[in-house]
Amino acid sequence: MAVRRMLVVGAHSADFVWRAAGAIAKHTLAGGEARVVTLSYGERGESGELWKEPGQTVENVKRVRHAEATEAAQAVGASYECFDLGDYPLRAGGQAIDRLAELMRDYAPHVVLTHPEKDPFNPDHPVAYQVVSQARLLTSGAVVEAGFRTAPPSEFLVFEPHQPDLCGFVPTVFVDITEVFEAKVKAMDAMSAQAYLKQYYTERAGHRANHARKVTGDKAIRHAEAFQRIVPNVVGAL
């Protein structure tokens, strides 16, 4: 059986930690490969604790954020890389799309995770969605013969945003992360620049577990993450 590959793309270096670290850990625990790509380090708008230090610089914040994200990715069995495009605002045009599309052709992920299309509180997140969506479509080549390299179409899901109700996010998939929750905790602990988010996302995992228990009747589910499927799933029968 071929190893399943997951690609997770975030706008900033910590986005994957809060929203998908459990799903990544579950994926790699099952023998899959996971690769995390971020379009920026979140050095300007998402590194508040670091900017409290006197004499702080953008380059040093990037260095710290790279180390934190690498440690967090390793905690859930994934690799990490950053395109370093800058944040607030994240401006990602054709070159970024081409770069990600080429990465997708090489890696050929079976599943891709990223931000939802809408986020009224974070202008960088919809930019990341557009980059991923376009790169993914260019990679598959509409499943017809093309004059460029293609890869098989991947499953495409978005992870839960910070304010789901205001982002049009409706969960269609819950991932039970109970058995790997400690790995997610380690990943969250690595992100010291945003340590204040750990409690929120720990509580959110409990909320989504409650929803997952109601859906399945499985009382053993204590922690879960929510996702929304963008491309419909195809099954042989119901």
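# Working chat: a loop, a sheet and some empty space

Student: Quick one to start. What is the relative accessible area of aspartate 84?
Tutor: Aspartate 84 has a relative accessible area of 34%, so this residue is partly exposed. Keep in mind that this is a predicted model.

Student: Where does aspartate 84 sit?
Tutor: In the loop between β3 and α3.

Student: What is phi at aspartate 84?
Tutor: Near 55 degrees. That is a positive value in a residue other than glycine. Most residues other than glycine have a negative phi.

Student: Which way does the sign of phi go at tyrosine 88, positive or negative?
Tutor: Positive again: phi of tyrosine 88 is near 45 degrees. Tyrosine 88 also belongs to the loop between β3 and α3. With a relative accessible area of 28%, tyrosine 88 is partly exposed.

Student: And the peptide bond between tyrosine 88 and proline 89, cis or trans?
Tutor: Cis, with omega at about 5 degrees. Most peptide bonds are trans. Proline 89 is placed in the loop between β3 and α3.

Student: Switching topic. What is the strand order in the sheet?
Tutor: β3-β2-β1-β4-β5-β7-β6. The sheet is open, has 7 strands and shows mixed pairing.

Student: Which strands are at the edges?
Tutor: β3 (79–82) and β6 (173–176), each pairing on one side only.

Student: By how many degrees are neighbouring strands turned against each other?
Tutor: By 25 degrees on average, direction ignored.

Student: Do β1 and β2 run parallel or antiparallel, that is, which of the two?
Tutor: Parallel. Strand β1 covers residues 5–10 and strand β2 covers residues 33–38, with 6 bridges joining them. For one concrete contact point, valine 9 has valine 37 in β2 as bridge partner.

Student: Now helices. Which strands does α1 lie across?
Tutor: Helix α1 (residues 15–29) lies across β1, β2, β3, β4 (111–114), β5 (155–159), β6 and β7 (224–229). The angle between α1 and β7 is about 95 degrees.

Student: What about α3, which strands does that helix lie across?
Tutor: Helix α3 (residues 94–107) lies across β1, β2, β3 and β4. Against β1, α3 runs at about 165 degrees.

Student: On to voids. How many cavities of 30 Å³ or more are there?
Tutor: The structure holds 2. The largest cavity has about 80 Å³ of space.

Student: Which residues line the largest cavity?
Tutor: Trp18, Arg19, Glu160, Lys184, Tyr201, Arg204, Ala205, Arg208, Ala224, Glu225 and Ala226. Elements α1, α6 (197–216) and β7 each give two or more residues to this lining. The largest share, 4 residues, comes from α6.

Student: What classes do the residues of that lining divide into?
Tutor: The largest cavity is lined by 5 nonpolar, no polar and 6 charged residues.

Student: And the second largest cavity, what volume?
Tutor: About 60 Å³. Its lining residues include Met104, Arg136, Thr139, Ser154, Pro152 and Pro153. Helix α4 (residues 124–140) gives the most to that lining, with 3 residues.

Student: How does the lining of the second largest cavity divide by class?
Tutor: Into 6 nonpolar, 3 polar and 1 charged.

Student: Pockets next. How much space lies in the largest pocket?
Tutor: About 260 Å³. Of its 13 lining residues, Met6, Val111, Leu157, Val173 and Val175 are the closest to the centre. Two or more lining residues come from each of α1, β4, β5, β6 and β7.

Student: Which element supplies the largest share of that lining?
Tutor: For the largest pocket, α1, with 3 residues. By class, the lining of the largest pocket has 8 nonpolar, 1 polar and 4 charged residues.

Student: Last one: the second largest pocket. How much space, and which residues are closest to its centre?
Tutor: The second largest pocket has about 230 Å³ of space. Of the 16 residues that line the second largest pocket, Arg19, Glu46, Asn122, His162 and Leu197 are the closest to its centre. Both α1 and α6 supply at least two lining residues there. The largest share, 3 residues, comes from α1.

Student: What is the class split for the second largest pocket?
Tutor: That lining has 6 nonpolar, 6 polar and 4 charged residues.

How values were computed. Residues are numbered from 1 along each chain as its sequence is written. This is a predicted model: local features need pLDDT of at least 70, side-chain atom pairs count only at pLDDT 80 or more; totals for chains, interfaces and linings use all residues. Side-chain values use heavy atoms; hydrogens and water are left out. Two strands pair if DSSP finds at least two bridges between them. Axes are lines fitted to C-alpha atoms, for helices over the stretch in contact, and angles run from 0 to 180 degrees between N-to-C directions. Contact means heavy atoms within 4.5 Å. Buried means under 20% relative accessible area, exposed over 50%, partly exposed in between (1.4 Å probe, protein chains only). On a 1 Å grid over the protein atoms alone, a cavity is a set of points where a 1.4 Å probe fits but cannot get out, and a pocket is an open set with protein on both sides within 12 Å along at least five of seven lines; lining residues have an atom within 4 Å of a point. Grid points are joined across faces, edges and corners, and a volume is the space filled by probe spheres set on the points. Ala, Val, Leu, Ile, Met, Phe, Trp, Tyr, Cys and Pro count as nonpolar, Asp, Glu, Lys and Arg as charged, and the others, Gly among them, as polar.
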